[in-house]
Amino acid sequence: IADGFHARTDGLTSLAVVLGAVGVWLGYPLADPIVGLLITVAIFGIVWQSAKAVLTRVLDGVDADIPNEIRHTAGHVPGVRAIEAVRARWLGHRLTADVDIALDGTATLHEADSISAAVREELLGHISALATVRVLTKAFDTNLKAATAINARGSHHHAPTPFVVKTGLAEGVLEIIDTPAGERMQLKTTRAVTGLSVEVCIQRRAERIERLLLTEVPKDATRFMSNEAPEEPHEFDGTLKLRDDKGEQTLAFHLTEPETHG
């Protein structure tokens, strides 16, 4: 990161020197010292940016959204009644995390072990930088505030608001659903559609695009579903690309987590 900032500073400095030389050539001798002062300000700004990023990493600091994403992902695992604590830190280029979860007081040791393994697998599958996860289980405290509890009725997922699709190629609803295999992105059309290609492109952090190809569900030409779970968080901007032999259409959409999400 520091080397990247350094390279960018060199590029900006070279450009500024050219501008200063052009200004002097056009008869403005003050252009050169003014450009020098601007370069100094730019260097201080980039040094400050770089120092914050590097020192935070040296002190094992993480972005605030990483613990939130861990809490959000772990809360989707069946059997987890509450997330009591989340701790995360960097070790080099990899994350390590500790998650304290609360289970039903009647859960057996075998059930607790299975749920812990499911939480670990879900986190490692959703957060690519995560290398190690330690899960501590304890009995659920019925006195916990509702904000910390995760839907005591047993439903572990509050899906984002569905997106209504209405185009010449297809009409229906795009949404994230729970399946026995886990969360999936689904397009449910109002009528059977054959020969349709469906792709969802999700805008993630650092300008990364997550692509999910939705294929027709066997024996049901009204449903198109992804083979993989969409990454966390489930609030994002995206585009829905529909294509058949007659043409192609692209729709922009935004999915929003409901306020009741755990």
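Two strands are taken to pair if DSSP finds at least two bridges between them. On this basis, eight strands of the predicted model form an open sheet in the order E4-E5-E6-E9-E8-E7-E10-E11, with antiparallel pairing. Strand E4 (163–166) and strand E11 (247–255) stand at the edges with a single partner strand each, so one side of each is left without a neighbour in the sheet. From one strand to the next, the twist of this sheet averages 25°.

The protein as a whole contains four helices and eleven strands. Its radius of gyration is 25 Å, whereas a compact globule of 262 residues would have a value near 18 Å. Along the principal axes, the C-alpha atoms fill a box of roughly 80 × 55 × 30 Å.

Several pairings within the eight-stranded sheet can be described in detail. Strand E5 (residues 171–179) runs antiparallel to strand E6 (residues 182–189), and eight bridges join the two. In this pairing, Thr179 stands opposite Gly182 of E6. Further along the strand order, strand E7 (residues 197–203) and strand E8 (residues 209–217) are paired over six bridges, again in the antiparallel sense. Ile202 lies opposite Glu210, a residue of E8. E7 and E8 make a hairpin with five residues between them, and Ala206 in the turn has a positive phi of about 60°.

E8 is also joined to strand E9 (residues 220–226), by four bridges, and these two strands run antiparallel. The bridge partner of Leu214 is Ser226 in E9. E8 and E9 likewise form a hairpin, here with two residues between the strands; Lys219 takes a positive phi near 65°. E8 thus takes part in two hairpins, one with E7 and one with E9.

A separate description applies to strands E1, E2 and E3. These three strands form an open sheet in the order E1-E2-E3, in which the pairing is mixed. Its edge strands are E1 (82–91) and E3 (130–139), each of which pairs on one side only. The twist averages 15° from one strand to the next. E1 pairs with strand E2 (residues 94–103) in the antiparallel sense over nine bridges. Within this pairing, Arg87 has Asp98 of E2 as its bridge partner.

Two helices are associated with the three-stranded sheet. Helix H3 (residues 65–74) packs on the sheet and touches E1 and E2, its direction making about 135° with that of E1. Helix H4 (residues 109–126) lies across E2 and E3 and runs at about 150° to E3. E2 is therefore contacted by H3 and lies under the span of H4 as well. The two helices also pack against each other, at an angle of about 130° and with their axes 9 Å apart. Angles from 0 to 180 degrees count as roughly antiparallel over 145 and as roughly perpendicular from 65 to 115; H3 and H4 are therefore oblique to each other. The crossing of H3 past H4 is right-handed. On the H3 side, the residues that meet H4 are Glu69, Ile70, Thr73 and Ala74, and their counterparts in H4 are Val119, Glu122, Leu123 and His126. The residues of this contact comprise four nonpolar, two polar and two charged.

Notes: Residues are numbered from 1 along each chain as its sequence is written. This is a predicted model: local features need pLDDT of at least 70, side-chain atom pairs count only at pLDDT 80 or more; totals for chains, interfaces and linings use all residues. Side-chain values use heavy atoms; hydrogens and water are left out. Contact means heavy atoms within 4.5 Å. Angles under 35 degrees count as roughly parallel, over 145 as roughly antiparallel, 65 to 115 as roughly perpendicular and the rest as oblique. A crossing is left-handed if the near helix is turned anticlockwise from the far one by less than a right angle, and right-handed if clockwise. Ala, Val, Leu, Ile, Met, Phe, Trp, Tyr, Cys and Pro count as nonpolar, Asp, Glu, Lys and Arg as charged, and the others, Gly among them, as polar. The radius of gyration is taken over C-alpha atoms; the globule rule is 2.2 Å times the number of residues to the power 0.38.
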